[in-house]
Amino acid sequence: MNETKKSPKLLEAIGANPVLVLLLGACPAMALTTDVRAALAIGLAALVVMVLSSVVIAALTKLIPQGARLAACVLVTAAFVSAVEMLMNAYLPGVYSMMGIYLAVCAVNLLLFGAAENAAEAGFGKALVNALVTGLVFTAVILVVAAIRELFGCGSFAGNEIAFLKAHAVVTLTQPTGGFMIFAFVAAVVNKLFPGCCCAARGTAFAAAGLTDVKCAEKEGV
């Protein structure tokens with residue numbers, strides 16, 4: 001195995017976040033990042049769902065047959081997404097309307113599902129930490145993307161217009177093309193500053209994104 005210089009665990013975890021390495025969860029990062037309020041809402045919603053689903057799956061791992069784990073992860077993740085959606089609709093209707101269908105889409109988001117699936121193997125403590133780190137980094141990434149797009153694309157911040165920026169707004173940044181450009185730029189900067197390895201991730205969700213054991217072995221020089 002080739003020896004490589006290891007980054008501190010936290011910095012490596014940042015660089016290895018699935019949203020940056022595998023673009024898991026990129027759908028809301030593209031659709032809800034023209035307003036920091038919507039980005040913060042979807043980020044926190046994803047964080048809550050990831051933590052709760054990971055904790056539940058980790059706690060029930062011994063009770064769930066191996067062949068039923070995939071279905072269990074889907075059901076648990078979808079249940080928590082539905083619960084968060086109903087609570088937001090009831091208590092934060094303004095925020096809920098800003099997110100549109102993208103909150104419901106989180107029920108089939110590979111980022112959230114992948115966190116729950118890996119919790120089955122990680123154990124309770126590690127599953128909780130992994131979910132927290134993944135969720136917080138995801139939230140931070142989409143907030144940065146949203147801030148850039150809203151400031152320079154809409155000329156506002158959190159819905160408050162900024163006259164100078166409004167007069168020189170780059171409309172392209174509010175369009176899908178601009179979203180991909182900014183997201184790619186942020187991902188490139190983070191991966192350069194915090195090099196990580198996504199090979200620790202296993203499971204159906206990550207395999208669907210193109211990550212396989214063979215590729216991991218090749219990357220680690222086995």
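What share of the contacts in the protein with a separation of 6 or more comes from residues 24 or more positions apart? The answer is 74%, where a contact means heavy atoms within 4.5 Å.

Before going further, a word on what you are looking at. This is a predicted model, in which local features need a pLDDT of at least 70 and side-chain atom pairs count only at pLDDT 80 or more, while totals for chains, interfaces and linings use all residues. Residues are numbered from 1 along each chain as its sequence is written, and side-chain values use heavy atoms, with hydrogens and water left out.

The pLDDT, the predictor's confidence in each residue from 0 to 100, averages 77 for the protein, and 75% of the residues score at least 70. Residues 1-8 have a pLDDT below 50, and this stretch makes eight contacts in the model beyond near neighbours in sequence. Residues 212-222 are also below 50, with 17 such contacts. Where pLDDT is low, the predicted coordinates should not be read in detail.

Now to the overall build. The protein has 13 helices and two strands; these are DSSP runs numbered from the N terminus, with helices being H or I of at least four residues and strands E of at least two. Of its 222 residues, 40% count as buried, that is, under 20% relative accessible area, with exposed meaning over 50% and partly exposed in between (1.4 Å probe, protein chains only).

A good place to start is helix α8, residues 110-122. Helix α4 (residues 36-60) packs against α8 at an angle of about 25°, with the axes 8 Å apart. Axes here are lines fitted to C-alpha atoms, for helices over the stretch in contact, and angles run from 0 to 180 degrees between N-to-C directions. The two helices are therefore roughly parallel; angles under 35 degrees earn that label, those over 145 count as roughly antiparallel, 65 to 115 as roughly perpendicular and the rest as oblique. On the α4 side the contact is made by A46, V49, M50, S53, S54, I57 and A58, and on the α8 side by L111, L112, A115, A116, A119 and A120. By class, that gives 11 nonpolar, two polar and no charged residues. Ala, Val, Leu, Ile, Met, Phe, Trp, Tyr, Cys and Pro count as nonpolar, Asp, Glu, Lys and Arg as charged, and the others, Gly among them, as polar.

Helix α5 (residues 69-91) meets α8 at about 130°, with axes 9 Å apart, so α5 and α8 are oblique to each other. Here R69, L70, C73, V74, T77 and V81 of α5 touch L112, F113, A116, E117, A120 and E121 of α8. This contact has eight nonpolar, one polar and three charged residues.

The third partner is helix α9 (residues 124-154), whose axis comes within 9 Å of that of α8 and crosses it at roughly 160°. That makes α8 and α9 roughly antiparallel. L111, A119 and A122 in α8 meet K126, A127, N130, T134 and F138 in α9, a set of five nonpolar, two polar and one charged.

Two single residues round off the tour. A158 sits in the loop between β1 (156-157) and β2 (160-161), and its phi is near 55°, a positive value in a residue other than glycine. Most residues other than glycine have a negative phi. A158 counts as partly exposed because its relative accessibility is 23%. M181, in helix α11 (residues 176-193), is partly exposed too, at 47%. The C-alpha atoms of M181 and M30 are separated by 9.9 Å, although the residues are 151 apart along the chain.
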